[in-house]
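This report looks at charged side chains and their pairing. Please keep the sequence and the coordinates at hand while reading.

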Amino acid sequence: MSSTAIPIPPQRFAEAIKELPLANLHSKAAEVRNSIAHLLISNQQLQPFADEGDSDCAEAIRENLVVTQRMEERISLLKREVEGRGFKWGEDETNPENVESNGHAGVEEIRRASRITSTRGGPSTPRSGGQLGDGELARRLREQMEEDDDDEAQDGVHL
């Protein structure tokens, strides 16, 4: 973490999200969960080096854990804001099949959900409840556009 980067205090974060539309609160939660997933995966990759005595990797793991805790607090604040408006916290945020005992998606579930399958038929990521979230839909659209761009470069322009 940069010594000049100062995280936003929880109180300011809670105040800032009061003005956001409901959809943005859920999008922000998905963004934060994605960041947590990347930090956890990064820690898994760094752990063998830390175990071998690499102090930089060990320090990075500790910093990632601090950031992860801060992000988990933000998810709690987002949930509190959604519920405070009289809405239920979304199914994808609390689906027990995708949640470990700490209340967050497991690393393996995140890896499975974010895996990109490069087939002509499109991505084949698992779905819960038969619906895609905004982030997953956007990712799939970007992937499809990239595949289409690759095909156009080989086969010419298709209208």
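## A pair within one helix

Lysine 28 has a relative accessibility of 27% and therefore counts as partly exposed, a class that lies between buried, under 20% relative accessible area, and exposed, over 50%, as computed with a 1.4 Å probe on protein chains only. The model is a predicted one, in which local features need pLDDT of at least 70 and side-chain atom pairs count only at pLDDT 80 or more, while totals for chains, interfaces and linings use all residues. Residues are numbered from 1 along each chain as its sequence is written, and side-chain values use heavy atoms, with hydrogens and water left out.

Glutamate 31 is the salt-bridge partner of lysine 28, with the closest N and O atoms 3.0 Å apart; a salt bridge here is a side-chain nitrogen of Lys or Arg within 4 Å of a carboxyl oxygen of Asp or Glu. Both residues lie in helix α2, three residues apart, which is about one turn of the helix, where helices are DSSP runs of H or I with at least four residues, numbered from the N terminus. Glutamate 31 is also partly exposed, with a relative accessible area of 44%.

## A network around glutamate 81

The search of the whole structure finds three salt bridges. One of them joins glutamate 81 to lysine 18, with 3.8 Å between the closest N and O atoms. This pair links distant parts of the chain, since glutamate 81 belongs to helix α3 and lysine 18 to the loop between α1 (10-17) and α2 (22-51), 63 residues apart.

Glutamate 81 also meets the side chain of arginine 85 in a salt bridge, at 2.9 Å from N to O. Through shared partners, salt bridges join Lys18, Glu81 and Arg85 into one network. Within this network glutamate 81 is buried, at 13% relative accessible area, whereas lysine 18 is partly exposed at 41% and arginine 85 is partly exposed at 29%.

## A buried arginine without a salt bridge

Arginine 74 lies in helix α3, which spans residues 55-84. Arginine 74 is buried yet has no salt bridge, and the nearest side chain of opposite charge, that of glutamate 73, is 7.0 Å away; for this purpose Lys and Arg count as positive and Asp and Glu as negative, while His and the chain ends are not counted.

Which residues does arginine 74 touch, not counting those up to four places away in sequence? They are Pro7, Ile8 and Phe13, where contact means heavy atoms within 4.5 Å.

How values were computed. Helix = DSSP H or I, 4+ residues; strand = E, 2+ residues; numbered from the N terminus.
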